[in-house]
Amino acid sequence: VKWQQFFTDSRLAQLQTLALANNRDLRLASLNVEKAQAQYRIKRADLFPTLDASVSGTHSRTPGSLSNTGTAATTHDYSAQLGLSSYELDVFGRVRNLRDEALEDYLALTETRRSTQISLVAEVATAWLTLAADNERLLLAQETLTSQLATYDLTQNSYALGGSSALSVAQAQTTVESARGDVASYESQILQDRNALRLLVGSDLPEALLPGTHLASAAVLVDIPAGLPSSLLQQRPDVLSAEHTLKSANIDIGAARAKFYPSISLTADAGSSSSALAGLFKSGSGAWTFAPSISVPIFDGGSNRATLDSAKVERDIQIQTYQQTLQTAFREVADALAVRSTLDRRIAAQQALTDASRKSFELSDALYRGGSQSYLEALDAQRSLYSAQQDLITLRLTEQSNRITLYKVLGGGWN
């Protein structure tokens, strides 16, 4: 399941595309991958000899006072050579191990980059939905403030006519100021939500791509396969990264062990030498050198042994890290599924509570306006409705966030 197929709101998808192009964390992860790829190419190049070609000419004049013949002489020497220097014969696999280790490091960073991308897509969606929820909370607070202002005016008029007490006026004023404080608080929170979303996207936020004042569905409902197989979680990028790191640690043991064996190097060149440029490549002018060397470790103060022991301990560390990563993956999926299992019932119950609270408030408000009930009962009913509406918005946000969490902890999708 690709993220473009999972997230259904076109505005959100466009913001996610902007984030993938501009986010600094993802850029750093990509640059780290490119660096690891270059390091792998360097190690791979060590398997092949380095050939150098050179052409040189030397000219000298010896005065007669210094020559054996008593006559001044001018000499010319020309040479052309093709050679290799200090090429290590990889008899015991040290260079190959270093190459393979660099490859696994590169693959691990590639998976780290994929993990960063999945996390970024999910974080943008979560921030976008949070902004939508806070927009809805602000709208609810504004509507509540408008209603409370109307009730406050009615209570003041009733007090002026002797129909209400000063206590009722004070109670009505407290609800107005409380609603006014909520409006200011949510306005501030929305500005913070936008700042968080802007940081994730890495650029200015086009107004057309921002959510409205109602929290709508932005992601498909994840259909979890029955009997979730462990092989599914082995495709998570963090699990794959830990696996490549473990392979790298195993290979490093081979490279450390190879240091106990002799190192064989070759230095050789072949070419042509002549005293005349015209005869540089004629027969009989060939020249060559061949200088093999072997280095045998005899005494290093225990350095090679310590290096090997360190590589083995590192391997054991990565084994534990890999197992821990798998356990974390299963726990994250289990936690997300645990939340998912009760969300529908919680939302249904909260919706029923909100509907009942609204009916209670409407009846209490009607009785208060008709003079059959004190303002205190109407105030309690209004507070209960306001709280129930806020909790319903929070639950809907939790339900949408849970879909995104499942997508993330399953490694960005599955086959």
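Hi everyone. Let's start with helix α9, which gives the most to the lining of the largest cavity, with 4 residues. Before I go on, please keep in mind that this is a predicted model.

So, how many cavities of 30 Å³ or more are there? The count comes to 1. The volume of the largest cavity is about 50 Å³. Besides α9 (375-409), the elements that give two or more residues to its lining are α4 (94-160) and α8 (303-369). If you want to find the spot on the screen, look for the lining residues, among them Gln-148, Phe-361, Tyr-368, Tyr-375 and Gln-382. By type, the lining divides into 5 nonpolar residues, 3 polar and 1 charged.

Next, the largest nonpolar core. In soluble globular proteins, nonpolar side chains tend to be buried together. Here the largest nonpolar core holds 63 residues, and those that touch the most other members are Phe-7, Leu-15, Val-124 and Leu-197. The elements that give two or more residues to this core include α1 (3-6), α2 (10-22), α5 (166-201) and α7 (237-258). Which element gives the most to this core? That is α4, with 16 residues.

Let's zoom in on Leu-15. Leaving aside neighbours within four places in sequence, Leu-15 is in contact with Val-124, Trp-128, Leu-197, Val-201, Leu-205, Pro-206 and Leu-209. You may recognise Val-124 and Leu-197 from the list of residues that touch the most other core members.

Now for a little tour of single residues, beginning in helix α4, where we find Glu-111. Is Glu-111 buried or exposed? Glu-111 counts as buried because its relative accessible area is 14%, and the cut-off for buried is under 20%. Beyond four places in sequence, Glu-111 is in contact with Pro-237, Leu-240, Ser-241 and His-244.

Tyr-159 is found in helix α4 too. Its relative accessible area is 44%, so Tyr-159 is partly exposed. Not counting residues up to four places away in sequence, Tyr-159 touches Ser-164, Ser-165, Ala-166 and Val-169. Here is a pair to try with your distance tool: Tyr-159 and Gln-320 are 161 residues apart in sequence, and their C-alpha atoms are 74 Å apart in space.

Over in helix α8 we meet Gln-318. With 11% relative accessibility, Gln-318 counts as buried. What does Gln-318 touch, not counting residues up to four places away in sequence? The answer is Thr-245, Leu-246 and Ala-249.

Arg-358 also has its place in helix α8. Arg-358 counts as partly exposed because its relative accessibility is 30%. Once neighbours within four places in sequence are left aside, Arg-358 is in contact with Leu-385 and Gln-389. For another distance, take Arg-358 and Glu-104: they are 254 residues apart in sequence and 61 Å apart in space, C-alpha to C-alpha.

Last topic: confidence. The mean pLDDT of the protein chain is 86, and 95% of its residues reach 70 or more. Among the elements, α2 has the highest mean pLDDT, at 92, and α6 the lowest, at 74. As a general habit, where pLDDT is low, the predicted coordinates should not be read in detail.

That's my tour. Thanks for listening, and I'm happy to take questions!

Terms used:
Residues numbered from 1 in each chain as written. Predicted model: local features only at pLDDT ≥ 70, side-chain atom pairs only at ≥ 80, totals over all residues. Heavy atoms only, no water. 1 Å grid on protein atoms, 1.4 Å probe; cavity = no way out; pocket = protein on both sides within 12 Å on 5 of 7 lines; lining within 4 Å. Points joined across faces, edges and corners; volume = space filled by probe spheres on them. Nonpolar A, V, L, I, M, F, W, Y, C, P; charged D, E, K, R; others polar. Buried < 20%, exposed > 50% of the residue type's maximum accessible area, 1.4 Å probe, protein only. Contact = heavy atoms within 4.5 Å. Core = buried A, V, L, I, M, F, W, Y, C linked by side-chain atoms within 4.5 Å. pLDDT = per-residue confidence, 0-100.
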